[in-house]
Amino acid sequence: MGCVFVRDGRVVARGRNATNLTRNATRHAEMVGLDALLERHGNDLGAVRGPGLDLYVTCEPCIMCAGALSLVGVRKAYFGCPNDKFGGCGSVMPVHARGCGACGERPGAPFAVEGGVLGGEAVEVLRQFYTYGNPRAPEPKRPVVEGERGLKGFA
């Protein structure tokens, strides 16, 4: 749902899930945050790959995002709740433990993970979001509950 990239105790980039807004399935919070981080560094991956880059994210990064985090050289990813369907940090595949493999000239590196950080709160954020539905979703698969539309900034 949302993430921040932190280096030396300072937030250096933010991202939020934009899959429904953009109708692009690759616009996960981590990918949006990585785009912001790259833009901040003139799209120079070498400048982004410096030491001490950590990620804090609501839900365990998926396999795609874990591969991207590996390529960027994230030191550690902290997440709230596991991603039992698509998790790339141990729930489905351990991409974090082995890196993304030989992806071109610069293979990704393994990175540390810590799950369960504010896990109850993360689950509640997701529960509220899915309970109230997303009015920007293409076609709801179930009825949307009228009234409050979930958390501010997510719909």
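**Entry 1: the core**

Which residues in the largest nonpolar core touch the most other members? I started there, bearing in mind that this is a predicted model. The core holds 25 residues, and Phe5, Leu34, Leu37, Leu53, Leu55 and Leu69 touch the most other members. I then looked up where the core residues come from. At least two are supplied by each of β1 (2-7), β2 (10-16), α2 (29-40), β3 (53-59), α4 (63-72) and β4 (76-81).

**Entry 2: the overall layout**

Next I stepped back to the whole chain. I found six helices and five strands in the protein chain. Along the sequence they run β-β-α-α-α-β-α-β-α-β-α. The protein chain has 155 residues, and 39% of them count as buried. I also looked at the contacts with a separation of 6 or more: 54% of these join residues 24 or more positions apart. The accessible surface comes to about 8,600 Å², and carbon and sulfur atoms account for 55% of that.

**Entry 3: helix α4**

I picked α4 for a closer look. Seven of its ten residues are buried, so the helix is largely enclosed by the rest of the structure. I noted the buried ones as Cys65, Ala66, Gly67, Ala68, Leu69, Ser70 and Val72. What do the buried residues of α4 pack against? I found β1, α2, α3 (45-48), β3 and α5 (95-98) as their partners. Leu69 was already in my notes as one of the core residues that touch the most other members. Just after the helix I came to glycine 73, which has a positive phi, near 85°.

**Entry 4: salt bridges**

How many salt bridges does a search of the whole structure find? I got three, and went through them in turn.

- Arginine 27 pairs with aspartate 35, with 2.6 Å between the closest N and O atoms. Arginine 27 counts as buried because its relative accessibility is 18%, under the 20% cut-off. Aspartate 35, at 37%, counts as partly exposed.
- Arginine 75 meets aspartate 54, again through side chains, at 2.6 Å from N to O. I see this pair as a link between distant parts of the chain: arginine 75 sits in the loop between α4 and β4, aspartate 54 in strand β3, and they are 21 residues apart. Arginine 75 is partly exposed at 49% relative accessibility.
- Glutamate 114 pairs with lysine 76, the closest N and O atoms being 3.2 Å apart. This pair also links distant parts of the chain, with glutamate 114 in strand β5 (residues 112-115), lysine 76 in strand β4, and their positions 38 residues apart. Both partners are partly exposed, glutamate 114 at 35% and lysine 76 at 22%.

**Entry 5: back to aspartate 54**

I returned to one of those partners. Is aspartate 54 buried or exposed? I found it buried, with a relative accessible area of 7%. Aspartate 54 lies in strand β3, and its side chain makes a polar contact with the side chain of arginine 75 at 2.6 Å. A polar atom of the aspartate 54 side chain also lies 3.3 Å from the backbone nitrogen of lysine 76. Leaving out residues up to four places away in sequence, I listed what aspartate 54 touches: Val4, Phe5, Val6, Val74, Arg75, Lys76 and Tyr78. Two names there were familiar to me: Phe5 from the core, and Lys76 from the salt bridge with glutamate 114.

Key
Residues are numbered from 1 along each chain as its sequence is written. This is a predicted model: local features need pLDDT of at least 70, side-chain atom pairs count only at pLDDT 80 or more; totals for chains, interfaces and linings use all residues. Side-chain values use heavy atoms; hydrogens and water are left out. Helices (H or I, at least four residues) and strands (E, at least two) are DSSP runs, numbered from the N terminus. Buried means under 20% relative accessible area, exposed over 50%, partly exposed in between (1.4 Å probe, protein chains only). Contact means heavy atoms within 4.5 Å. Accessible areas come from the Shrake-Rupley method with a 1.4 Å probe; for residues, only the protein chains shown count as cover. A nonpolar core is a set of buried Ala, Val, Leu, Ile, Met, Phe, Trp, Tyr and Cys residues joined through side-chain atoms within 4.5 Å. A salt bridge is a side-chain nitrogen of Lys or Arg within 4 Å of a carboxyl oxygen of Asp or Glu. A polar contact is a pair of N or O atoms within 3.5 Å; within protein, one must be able to donate a hydrogen and the other to accept it, and residues adjacent in sequence count only if both atoms are side-chain atoms.
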